[in-house]
Amino acid sequence: MIPYGKQSISEDDVQAVIEVLRSDYLTQGPAVPQFESAISQYCLAENAIAVSNATSALHIACLALDLKKGDYLWTSPITFVASANCAFYCGASVDFVDINPETYNLCAVALEEKLQRAKKVGKLPKIVVPVHFGGEPCDMARIYELACEYGFKVIEDASHAIGGKYKNQPIGSCHYSDITVFSFHPVKVITTAEGGLATTNNKELAHRMRLLRSHGITRDQEHMVSAKDGPWFYEQVLLGFNYRLNDIQAALGLSQLKRLDSFVNARHMIANRYADLLLDLPVKIQKISSDSYSSYHLYVIRLELDKINHSHKQVFEQLKAKGVGVNIHYIPVYKQPYYQYLNQNYQACESAEQYYREAISLPIYPNLTESKQEKVFSALRAILL
Ligand SMILES: *Cc1c(COP(=O)(O)O)cnc(C)c1O
């Protein structure tokens, strides 16, 4: 089976991990701050806070922005559940903004309309989480304008998007947001096995996220309530978590980061080739904006079902039967039983639901060979034509 995504681990990556295993520190050693400063430099962000995964990054990002009971977080329905669940961890509520049918990203026009309606009933969101779907950046300039106008904060869920660019700025630079969050799960663009990271240019937010990542404990006199009893002294100043990344993971991340540009380049070659191959098939592909550089975490096709003799499910099953490990990204989040059980009467997002009826993610990862890609294409062609 050709998987839809797969990590690329080099001998250098293996050596980097072994070195940590032979060193004095497996966690809270030098590798984590090195990884953070390397990401900071890469993303042109002033602060980087490495954590155990993107889900914990989203959680502490929301807490740092003071999301709490009675507040709303809005995000896209076409995302992994974690983009929305982070609001519930803080006791807040979630609502969804429909996607743009061509980019599959949270639609800035739908956002503006929803903000206008929400303002009238006094239910404006505190945080909006745009998700750079498949690595293609959202319309951040417009979302940021709306943030200024309506007074909400912006967390970019860039779990798919490290290595991408928006208006020539690296994703993670937080040019149009308060915080950006990355995931280093093995299917994502670079990996630390499990891992995540938040970037921000706001010193206070960075400080709060650092505290929240590690029990709310500080060893800096500057941030303490009282004078140190002695050199051993630390204070817990708020309720945090153990959301730390360890040095084994950070060393892997540092080593992977060296190849990030080449990974994204390889993904572009594959995406360009798919685009050429798929021209004559009854499918649509994601629209990529001229001022963005996608990291191509995903390659999604949408079936033109009126031109095909099979259902969406049949195409999916037949591709699997032919050894093509396709996937669906994503089921609209509000359709999940947990969300239904909360019974918030989420309004149907029509574009998201239409998308879900047609979308299939094809395999894309740096080591997907041309011949494997041919195999994916011929399987698809045989089914669709
Ligand atoms: C993978 C993913 C997450 C969660 O990442 P973890 O590192 O597994 O916690 C969050 N949001 C999106 C959009 C993702 O794709």
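Hi everyone. Let's start inside the protein: M140, E156, Y166, Q169, P170, I171, G172, S173, C174, H175 and Y176 line the largest cavity. Keep in mind that this is a predicted model. That cavity has a volume of about 70 Å³, and its lining divides into six nonpolar residues, four polar ones and one charged.

How many cavities of 30 Å³ or more does the structure hold? There are two. The second largest contains about 50 Å³ of space. Around it you'll find K6, Q7, S8, P186, K188, V189, I190, T191, Q256, F263, R267 and P366. Here the lining splits into five nonpolar, four polar and three charged residues.

Now, on to the cysteines, for those of you thinking about your gels. A disulfide is a covalent bond between the sulfur atoms of two cysteines. In this model, we have zero disulfides. Take C90, which is in no disulfide: the nearest cysteine sulfur belongs to C62 and is 4.9 Å away. A pair has to be within 2.5 Å to count, so C90 and C62 do not make one. As for its surroundings, C90 is buried, with a relative accessible area of 12%.

And why does C349 have no bond to C107? The sulfur of C107 is the closest cysteine sulfur to that of C349, but the two are 11 Å apart, so they are too far for a bond. Is C349 buried or exposed? C349 is buried, at a relative accessible area of 4%.

So, to wrap up: two cavities of 30 Å³ or more, and zero disulfides. Thanks, everyone, and I'm happy to chat afterwards!

How values were computed. Residues are numbered from 1 along each chain as its sequence is written. This is a predicted model: local features need pLDDT of at least 70, side-chain atom pairs count only at pLDDT 80 or more; totals for chains, interfaces and linings use all residues. Side-chain values use heavy atoms; hydrogens and water are left out. Buried means under 20% relative accessible area, exposed over 50%, partly exposed in between (1.4 Å probe, protein chains only). On a 1 Å grid over the protein atoms alone, a cavity is a set of points where a 1.4 Å probe fits but cannot get out, and a pocket is an open set with protein on both sides within 12 Å along at least five of seven lines; lining residues have an atom within 4 Å of a point. Grid points are joined across faces, edges and corners, and a volume is the space filled by probe spheres set on the points. Ala, Val, Leu, Ile, Met, Phe, Trp, Tyr, Cys and Pro count as nonpolar, Asp, Glu, Lys and Arg as charged, and the others, Gly among them, as polar.
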